[in-house]
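User: Please take a close look at a single strand of this model, and at how the rest of the chain is arranged around that strand.

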Amino acid sequence: MKKAIRYILLTVCVCVFCYSAYNLINIYLNYKKIDDDYGELAKTYTKEKEEESYLQINWDELLQRNKDVKAWIQIPNTNVNYPVLQGETNDTYIHSDIDHNELSAGSIFIASENEDPFNDFNTVIYGHNMKNGSMFNNIKSYTDQSFADEHPYVYIYLPDVSQYKVVVGHIISETSVLYNTHIVDTASFVQEMVKTSSIKVDFDQSQVQSVITLSTCTSAGSESGKRNVVHAILQRKGIDPVKEKMEN
């Protein structure tokens, strides 16, 4: 009888071990696919030279691959370096890659509610908070002042370049008014935006022309219904990378 119980327990332990190993392998392969797929995208459609300040993006081929590509987002010295898509709904790319293949990390995508992305006063951009540091994982670090000071700018390629300055980093409710894309009272929006910021960045609130809101999930289980959010304000628009290089 005891021998039978030991055999059953051993069998259960082996099964648990195999199941855990299977899950770990799946997680590893999933993260490897994310890194490989997006690494290949950056390698195929962008080029960065040491002597240049901006990416060179092959827009013609990128748009031939998927016309839903609206921009390319880059935050220097972070892992954020991705195409930005916009689907018919916010579910279109939440778990789909640029080719509409299923991918847990999904894509970086603009809220479907934005009718004129980057011309609307508030353009909302979503991305998953992946544990391997990919997608919008770095966004959560903007609640730390030193990280914000060291990574002050977000660049949006359209294909000309717009430079945005990060001014707010905080954790907010997923139902916050800061996700609104149709802003009438811009002054009130900016006041609401800075109210709960975890970082301090000086800027003239009266001169804000437009905002990008970068949103990702929190990693803590206790933060259900909350999101890590960064707000960055337009600082320079219509930068010509070729002309900038010549002038510098």
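Analyst: Two strands are taken to pair if DSSP finds at least two bridges between them, and with that rule in hand the pairing of strand S9 can be followed residue by residue. The model is a predicted one, and its chain holds five helices and ten strands. Strand S9 covers residues 211-217, and because six of these seven residues are buried, the strand is largely enclosed by the rest of the structure; in the chain as a whole, buried residues make up 44% of the 248 residues.

S9 has strand S6, residues 122-126, as a parallel partner, the two being joined by five bridges, and within this pairing leucine 214 of S9 is the bridge partner of isoleucine 125. S9 also pairs with strand S10, residues 226-239, here in the antiparallel sense and over seven bridges, and in S10 the residue opposite leucine 214 is valine 230.

Leucine 214 and isoleucine 125 reappear in the packing of side chains. The largest nonpolar core has 46 residues, and those touching the most other members are Ile73, Ile125, Val154, Ile156, Met193 and Leu214. Apart from this core lies another, of 17 residues, which include Val69, Trp72, Phe109 and Tyr157. In general, nonpolar side chains in soluble globular proteins tend to be buried together. Isoleucine 73 ties back to the strand under discussion, since, once its neighbours within four places in sequence are set aside, its contacts include Leu214 along with Val154, Ile156, Phe136 and Ile108. Across the chain, among contacts with a separation of 6 or more, 62% are between residues 24 or more positions apart.

The antiparallel partner S10 also takes part in a charged contact. Arginine 227 meets glutamate 174 in a salt bridge, with an N to O distance of 2.7 Å, and this pair links distant parts of the chain, arginine 227 lying in strand S10 and glutamate 174 in the loop between strand S8 (161-173) and helix H4 (186-195), 53 residues apart. Glutamate 174 has a relative accessible area of 40% and is therefore partly exposed, because that class lies between the buried limit of under 20% and the exposed limit of over 50%. The salt bridges come to five by count, another of them joining aspartate 99 to arginine 65 with the closest N and O atoms 2.6 Å apart.

Key: Residues are numbered from 1 along each chain as its sequence is written. This is a predicted model: local features need pLDDT of at least 70, side-chain atom pairs count only at pLDDT 80 or more; totals for chains, interfaces and linings use all residues. Side-chain values use heavy atoms; hydrogens and water are left out. Buried means under 20% relative accessible area, exposed over 50%, partly exposed in between (1.4 Å probe, protein chains only). Helices (H or I, at least four residues) and strands (E, at least two) are DSSP runs, numbered from the N terminus. Contact means heavy atoms within 4.5 Å. A nonpolar core is a set of buried Ala, Val, Leu, Ile, Met, Phe, Trp, Tyr and Cys residues joined through side-chain atoms within 4.5 Å. A salt bridge is a side-chain nitrogen of Lys or Arg within 4 Å of a carboxyl oxygen of Asp or Glu.
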